[in-house]
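Trainee: I should like to discuss the structure shown here, beginning with one helix and its surroundings. May we then turn to the cores, the cysteines and the backbone?

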Amino acid sequence: MVHNFYQQAGGEDEVFRAEVALLKRYGHHVHTYTVSNDQIEQTSRLQAAAHTLWNAQAARDLRDLVRERGVDVVHFHNTFPILSPAAYAGARAGGAAVVQTLHNYRLLCANALFFRDGHVCEDCLGLRVPWPAVAHTCYRSSRSASLVVAAMQTTHRAAGTYRRGVDAYIALTAFARETFIAGGLPADRLHIKPNFLDVDPGLGTGDGGYALFVGRLSREKGVETLLRAWASAGGDLPLRIVGDGPLAPQVAEAARTLPGVTWLGRRDRGEVLRLMQDASLLVFPSLWYEGFPMTLVEAFAVGLPVVGSRLGAMSTLLEHGRNGLHFRPDDAADLVAQVRWLHSHPAEREQMRMQARQTFLSAYTAERNHGLLLEIYQAARARARPDHPALLET
């Protein structure tokens, strides 16, 4: 397992740790190779840019590690920016199959989100040279930094790295898989495997009588849509907001002035799960495609119906009328309508609670995820070494 940690901890870091622990628990021999973006502060800008394009030392390290330890599969979670796509070449040179989880859209979009100026943007999708990313300074609002990311994408597309250097890709949702195919990745190597919850929190009661929002308080998460909706809802259903971020001042003001709105700030995961177990519904108004929102899986695990944007990952993870309801993205009036309907139909809401729980049990448990991982590893190994017998036992 290989991962380039970000300076600010995020969901990818947690998934990396969870999958390492999962495989070890099932008896597999797992080695890890990690770096942190904290190292960037110790290097020059020129060296950091060079490593983003091709880090030869990382390639050599992985080649030697694979050879010395007899590694069968190298599973990458993130290579950006320190490890670079050179790491694939190192793993393959050592004799291992290469697997890459696509946690975000970095291979196709400079900021990895397909989100710009408050709306979805696919200007670079399918382009050999993603010049709009540079023109719009999509990475860290910097033209020079955006140029480095665009150069990385262009160089490795031209070299065929993404088509020939990886034996299996893991897309987290059906929507993401189709997007990556549109961006040029080989369809026959794109497998769907969602993230999972390692520990089942258990079914909640759903009798707390409030709606819940959990997430970063930022524009792409649809926080402004959420506040507009509750400004017009007239306090019909209390709303509790968990999280922090750049829009915290607006949320604090809403909590002071809007009936029924409470801002709880940051809470630990245990408390968030308890809030989910008691809530009537979860509101998920995101304006970007999302990768694989663990908040939805946690909601399903406790039997919490979700009212979410009909967009990106939510369009396939959330089944309208089964485990929640869709609303039109950034449409506060439609959000209010869906919330009011769900709140005023307790029998249907209870049925959705049970269906949400069933969604978790059938798709997002550790046992199910382990089986999917092994299937993907076997497929990657068969492609890398078609004459080699199966190496991984279930």
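**Helix H12 and its surroundings**

Mentor: In this predicted model, the buried residues of H12 pack against strand S9 (211-214), helix H11 (269-278), strand S12 (281-284), strand S13 (306-309), helix H13 (312-317) and helix H15 (346-363).

Trainee: How many of the eight residues of helix H12 (residues 294-301) are buried?

Mentor: Buried positions are those under 20% relative accessible area. In H12 this applies to Thr295, Leu296, Val297, Glu298, Ala299, Phe300 and Ala301. H12 is largely enclosed by the rest of the structure, because the number of its eight residues that are buried is seven.

Trainee: Are H12 and H15 roughly parallel or roughly perpendicular to each other?

Mentor: The contact involves Val297, Phe300 and Ala301 of H12 with Ala356, Arg357, Thr359 and Phe360 of H15. The two axes come within 7 Å and cross at roughly 115°. Angles of 65 to 115 degrees count as roughly perpendicular. The relation of H12 to H15 is therefore roughly perpendicular.

Trainee: Which residue just after H12 takes a positive phi?

Mentor: The phi concerned is about 75°. The residue just after H12 with this value is glycine 303.

**Another helix pair**

Trainee: Is the crossing of H2 and H6 left-handed or right-handed?

Mentor: The axes of helix H2 (residues 45-53) and helix H6 (residues 143-159) come within 9 Å, with a crossing angle of roughly 30°. That makes H2 roughly parallel to H6. Ala49, Thr52 and Leu53 of H2 meet Val148, Ala151, Met152, Thr155 and His156 of H6. The crossing of these helices is right-handed.

**Cores**

Trainee: Which helix contributes the largest share of the largest nonpolar core?

Mentor: That core has 94 residues, of which Phe76, Leu212, Met276 and Leu282 touch the most other members. The largest share comes to six residues, and its source is helix H16 (residues 366-384).

Trainee: How many residues form the other core, which includes Trp230?

Mentor: This other core lies apart from the largest one. Leu226, Trp230, Leu247 and Val251 are among its members, and its total is 28 residues.

**Cysteines**

Trainee: How far from cysteine 109 is the nearest cysteine sulfur?

Mentor: The structure holds zero disulfides. Cysteine 109 counts as buried because its relative accessibility is 9%. The nearest cysteine sulfur belongs to cysteine 138, beyond the 2.5 Å that defines a disulfide, at 6.4 Å.

Trainee: Which cysteine has the sulfur nearest to that of cysteine 121?

Mentor: Cysteine 121 is buried, as its relative accessibility is 13%. Cysteine 121 is in no disulfide, and the nearest cysteine sulfur, 6.1 Å away, is that of cysteine 138.

**Loops and backbone**

Trainee: How far apart in space are glycine 215 and aspartate 244, C-alpha to C-alpha?

Mentor: Glycine 215 lies in the loop between S9 and helix H9 (223-232). Glycine 215 touches Val242, Gly243 and Asp244. In sequence, glycine 215 and aspartate 244 are 29 residues apart; in space, their C-alpha separation is 7.5 Å.

Trainee: Which residues are joined by a cis peptide bond with omega of about -5°?

Mentor: One partner lies in the loop between strand S3 (73-78) and helix H4 (86-93), namely proline 81. The cis bond joins phenylalanine 80 and proline 81.

Trainee: Is phenylalanine 114 buried or exposed?

Mentor: Phenylalanine 114 lies in the loop between strand S4 (97-102) and strand S5 (115-116). Its phi is near 55°, a positive value in a residue other than glycine. With a relative accessible area of 1%, phenylalanine 114 is buried.

Definitions and conventions
Residues are numbered from 1 along each chain as its sequence is written. This is a predicted model: local features need pLDDT of at least 70, side-chain atom pairs count only at pLDDT 80 or more; totals for chains, interfaces and linings use all residues. Side-chain values use heavy atoms; hydrogens and water are left out. A nonpolar core is a set of buried Ala, Val, Leu, Ile, Met, Phe, Trp, Tyr and Cys residues joined through side-chain atoms within 4.5 Å. Buried means under 20% relative accessible area, exposed over 50%, partly exposed in between (1.4 Å probe, protein chains only). Helices (H or I, at least four residues) and strands (E, at least two) are DSSP runs, numbered from the N terminus. Axes are lines fitted to C-alpha atoms, for helices over the stretch in contact, and angles run from 0 to 180 degrees between N-to-C directions. Angles under 35 degrees count as roughly parallel, over 145 as roughly antiparallel, 65 to 115 as roughly perpendicular and the rest as oblique. A crossing is left-handed if the near helix is turned anticlockwise from the far one by less than a right angle, and right-handed if clockwise. Contact means heavy atoms within 4.5 Å. Lists of a residue's contacts leave out its neighbours within four places in sequence.
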